[in-house]
Amino acid sequence: MLAKSGSSQAHTFKADLMFFLGLAVVCATTTAAVVPQFIIDLDRAPEDRYSDLFVSPETGFNESVWVFYSKYFAEDEALTEALYGLSAKRGPENAELQGEIEGLANLSKLPREFVSSIQMLYELQTLMVPTVNLTDAADNFPRGYEGLARIPWRGPGCTGIIALNSMDNSVYHARNLDFSPKDIMAKLVYNGIFMKGGVEVFRSQMVAGYACVITGAVFGKDVDGYALERNTRYPDHQGGYEETLSQLAGGAELNGWQLRKILETEGSYNGAVQAISTAPFASSEYVVVSGVKKGCILARNPDGLAHRQVLGQPNHGERGDYLIITNFDFFWHDVREWFDPTGGLGMFHPRRIAAQEVLNASEYGKITPGVLWAAINSKGNFADTIFQAIINVELNLWNTSQPSY
């Protein structure tokens, strides 16, 4: 069953009862493990915010980040020359993020240029299209950046679903985050509860050593809350790879930091959607946003919104009671989706379609948490998954877990 990630998480008996009744009939492919939870106190100096994560050896985070660095970066001159060189061109990040980077480097004792470079993790992933036997990965990179093809993290594997459940008249949000090397990445996942003045401002699934958000939510009785997730989106036009690298080298604010500040400052769904739609991004990306009885999926380019899916409105290839995205513009028939082998069934078996087969088999308007859990664990959708969530901001449900391999 899906595990809670901390006793402080708010939830309702109604939501949990429906959830676990639904899961009782689901034959899941994995068991679930608890996601560790830590408070990130925004009243502390940026340099000191992550000390609880790295000072104690019990978390295992410092050991795991050193394994990651030593195995893939320490001896790879071609990769580090390209990666650190790109980071150097960016220069220092904004004062707050740079302060957190300094703190993470000091706490972990890792090279500062490595910690700085890792903050571009998600943006650089847009260059790593998971098509096989078609092109050399280095062909995606302009001259001088070919070493970036040696980046060890791989995805995308992400799946985001927003669905209406008429049984309780609310909207649920399901999420798979897939990243490899999963044996290392899975050990770095935690839930961060970001606090100010002793009060939770937002919460986010995080990766130790990475200061940007990946999956987050704003809860509260006095706000029109929302949840969001980030999914890799590959460039939709020729020159997109060069554009991304130019944006990064030019110091464009990182997408994940933009989203973190939106979670911190925007208390309402509408305000968040507007901010996400218009904020300048460093790379293309999907942002999946769920709210109280509403939801949308925003396909972003660096300079603006490329496409929007809205729950309850006509959308290509989807029933009216749900939205779905993995990592491809299926609504524009992106052929690359069919060459993605990450769902485990090989090419020509898109992860999106595997999940939709489960969703479409349900009764219209009755996509329960159990149905969602079955969809994100379905054969052909479940990939190198390191984090899963079922979220409902109306019911204050933040139900997160990690697969136990």
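**Exercise 1. Determine the mean pLDDT of the chain and the regions where pLDDT stays under 50.**

Solution. The mean pLDDT (the predictor's confidence in each residue, from 0 to 100) is 89 for the chain, and 88% of the residues reach 70 or more. This is a predicted model in which local features need pLDDT of at least 70 and side-chain atom pairs count only at pLDDT 80 or more, whereas totals for chains, interfaces and linings use all residues. Residues are numbered from 1 along each chain as its sequence is written, and side-chain values use heavy atoms, with hydrogens and water left out.

Next, take the regions in turn. Over residues 1-16 pLDDT stays under 50, and the model has 52 contacts (heavy atoms within 4.5 Å) beyond four places in sequence for them. Over residues 20-29 pLDDT also stays under 50, with 13 such contacts. Where pLDDT is low, predicted coordinates should not be read in detail.

**Exercise 2. Compare the expected span of helix 4 with the separation of its end C-alpha atoms, then describe its ends and its buried residues.**

Solution. Helices (H or I, at least four residues) and strands (E, at least two) are DSSP runs, numbered from the N terminus. Helix 4 covers residues 77-90, 14 in number. The expected span is 1.5 Å times one less than the number of residues, so helix 4 should span 20 Å, in agreement with the 20 Å between its end C-alpha atoms.

At the N-terminal end, Asp76 acts as a cap: a side-chain oxygen lies 3.4 Å from the backbone nitrogen of Ala78. Just after the helix, Gly91 adopts a positive phi of about 80°.

The buried residues (under 20% relative accessible area, 1.4 Å probe, protein chains only) include Leu79, Leu83, Tyr84 and Arg90. Among the elements covering the buried residues of helix 4 are helix 3 (61-72) and helix 9 (240-249).

**Exercise 3. Establish the strand order of the open sheet and identify its edge strands.**

Solution. The eight strands follow the order 2-5-6-7-8-9-10-11, with mixed pairing; two strands pair if DSSP finds at least two bridges between them. The edges are strand 2 (37-41) and strand 11 (304-310), each of which pairs on one side only. From one strand to the next, the twist averages 30°.

Now examine individual pairs. Strand 8 (residues 226-232) and strand 9 (residues 285-291) run antiparallel and are joined by six bridges; Thr232 has Glu285 as its bridge partner. Strand 10 (residues 294-301) pairs with strand 11 over six bridges, also in the antiparallel sense. A hairpin of two residues links strand 10 to strand 11, and Cys296 stands opposite Val310.

Conventions: Axes fitted to C-alpha atoms, helices over the stretch in contact; angles between N-to-C directions. Buried < 20%, exposed > 50% of the residue type's maximum accessible area, 1.4 Å probe, protein only. Polar contact = N/O pair within 3.5 Å; in protein donor to acceptor, adjacent residues only side chain to side chain.
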